[in-house]
Amino acid sequence: MAEKDQRLTASELAQLWNAYMNNKMYKCVLQYFYEKADKGEIKEFIETAIEMCGEIIFDITTIYNKNNHPLPKAFSEEEDVNVTAPKLYSDVFILAYMHDMTRYGIIGYGTALAIAIHEDVDQIFTKALEKGSQLYRRAIKLQQDKGVFHPSPSIPIPEKIEIAEKNSYLNGFISEQRALSVVEIMNVYNDMQRNALGKALFLGLCQTVTSNDIKKFLRKGLDLFDENVQEFANTLIKDSISVSPTWDSEVLNSTTPPFSEKLMLYQVVMFIATLSGYYGTALGTTTRRDLTVMYAKIMTETLDLGNQSASLLIKYGWLEQAPQSVDHRNISKKKRK
């Protein structure tokens with residue numbers, strides 16, 4: 001009988017790597033938010049999120065050590081965050097940021113759990129998914145209690161189920177444009193919300209960054225997010241659907257950097273990668289052709305922005321590579337030489 005293969009799979013390594021890097025990043029960001037948040041429930045909520053990040057980092061470190069896997073450098077609270085910097089974002093923005101962060105977290109942990117083969121990897125992501133879900137519900141409750149939660153719009157319950165009978169169901173340009181479906185409303189509204197959040201995040205980073213090329217890049221991102229917010233809003237307004245609020249006014253007037261430029265760029269890379277994934281989902285689920293064209297354009301522009309952010313990370317020597325497969329062709333070339 002063949003001996004059981006104890007090696008971590010490539011899929012497990014990918015999810016462990018992503019979770020480690022993301023939690024190291026978020027822990028630094030949350031440390032700053034914790035120092036600046038008003039005392040009370042929000043501060044306690046942030047503290048719980050910091051503890052969860054620390055637990056996941058510890059658990060993944062244990063697995064890395066068990067498998068002789070080198071620890072990623074990632075980020076450190078000593079080098080990448082300045083908790084003494086003045087407050088840059090309001091508590092309303094912090095809650096919105098954490099709502100989106102926890103929402104992304106439970107999607108990511110669910111995916112990681114679905115591909116986990118080894119019991120210790122399964123345990124990490126089972127616990128992370130459970131605690132992440134609790135944080136997500138708590139983020140919503142805090143926003144509701146403070147009157148700053150903005151759920152997706154509601155529509156009347158249909159009287160009966162209908163079957164699409166004409167190809168005009170797929171139209172969306174000039175003739176016979178049908179109303180948005182609930183799936184399309186969900187995607188457009190949520191993506192407007194995420195772009196509005198990204199715009200506010202970039203706005204704060206842009207006014208504190210010192211490098212001219214990074215500032216120029218952030219301004220380009222600001223312009224793109226602003227265009228996207230308008231595009232999504234117009235799509236909803238045409239069908240008399242409520243639009244998402246923006247958070248520009250929740251960015252305060254500090255110009256002191258709370259984060260290293262490396263941490264700023266990694267936040268940007270993560271945000272853009274997440275957006276691209278949501279756009280892919282929207283493209284795969286919409287049936288109105290005008291929305292398909294809109295999402296294809298926005299996704300192309302967003303991916304281009306992501307490539308620019310990665311180029312800046314490489315330029316400054318900050319891009320830490322995820323584990324890679326063996327490059328047998330390159331090894332063979334070196335041997336021939």
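**Figure 1. Charges across the whole chain.** Lys and Arg count as positive here and Asp and Glu as negative, while His and the chain ends are left out of the count. On that basis, the protein chain of this predicted model carries 38 positive and 42 negative side chains. Take the centre of each set, and the two points sit 6 Å apart.

**Figure 2. The overall build of the chain.** What kinds of secondary structure does the protein chain have? It comes to nine helices and zero strands, so reading from the N terminus you simply meet α-α-α-α-α-α-α-α-α. The C-alpha trace spans about 65 × 55 × 40 Å along its principal axes. For 337 residues, a compact globule would have a radius of gyration near 20 Å, and the 22 Å of the protein chain agrees with that. Contacts tell us about the fold too: among those with a separation of 6 or more, 85% join residues 24 or more positions apart.

**Figure 3. Inside and outside.** Of the 337 residues in the protein chain, 47% count as buried. The accessible surface comes to about 18000 Å², and carbon and sulfur atoms account for 53% of that area.

**Figure 4. Helix 5, a mostly covered helix.** Helix 5 takes in residues 182-206, which makes 25 residues. From its first C-alpha to its last it reaches 35 Å, close to the 36 Å expected at 1.5 Å a residue. Is helix 5 mostly covered or mostly uncovered? Mostly covered: 21 of its 25 residues are buried.

**Figure 5. M186, a partly exposed residue of helix 5.** M186 is found in helix 5, where 21 of the 25 residues are buried. M186 itself has a relative accessibility of 40%, so it counts as partly exposed. For a sense of scale, look across to F259, which is 73 residues away from M186 along the chain. The C-alpha atoms of these two residues are separated by 33 Å.

**Figure 6. H99 and the residues around it.** H99 has its place in helix 3, which covers residues 91-115. Its relative accessible area is just 7%, and because the cut-off for buried is under 20%, H99 counts as buried. Which residues does H99 touch, once its neighbours within four places in sequence are set aside? They are Y136, A139, I140, Q143 and F149.

**Figure 7. Helix 2 and the residue just after it.** Helix 2 runs over residues 41-66, a total of 26 residues. At 1.5 Å a residue it should span 38 Å, and its end C-alpha atoms are indeed 38 Å apart. Just after helix 2 comes N68, with a positive phi of about 55°. Most residues other than glycine have a negative phi.

**Figure 8. N68 and A74, two residues in one loop.** N68 lies in the loop between helix 2 and helix 3, and A74 lies in the loop between helix 2 and helix 3 as well. Phi of N68 is near 55°, a positive value in a residue other than glycine; phi of A74 is likewise near 55° and positive. Which of them is buried and which is exposed? N68 is exposed, at 71% relative accessibility, whereas A74 is buried, with a relative accessible area of 2%.

Terms used. Residues are numbered from 1 along each chain as its sequence is written. This is a predicted model: local features need pLDDT of at least 70, side-chain atom pairs count only at pLDDT 80 or more; totals for chains, interfaces and linings use all residues. Side-chain values use heavy atoms; hydrogens and water are left out. Helices (H or I, at least four residues) and strands (E, at least two) are DSSP runs, numbered from the N terminus. The radius of gyration is taken over C-alpha atoms; the globule rule is 2.2 Å times the number of residues to the power 0.38. Buried means under 20% relative accessible area, exposed over 50%, partly exposed in between (1.4 Å probe, protein chains only). Contact means heavy atoms within 4.5 Å. Accessible areas come from the Shrake-Rupley method with a 1.4 Å probe; for residues, only the protein chains shown count as cover. The place of a charge is taken as NZ of Lys, CZ of Arg, CG of Asp or CD of Glu. The expected span of a helix is 1.5 Å times one less than its number of residues.
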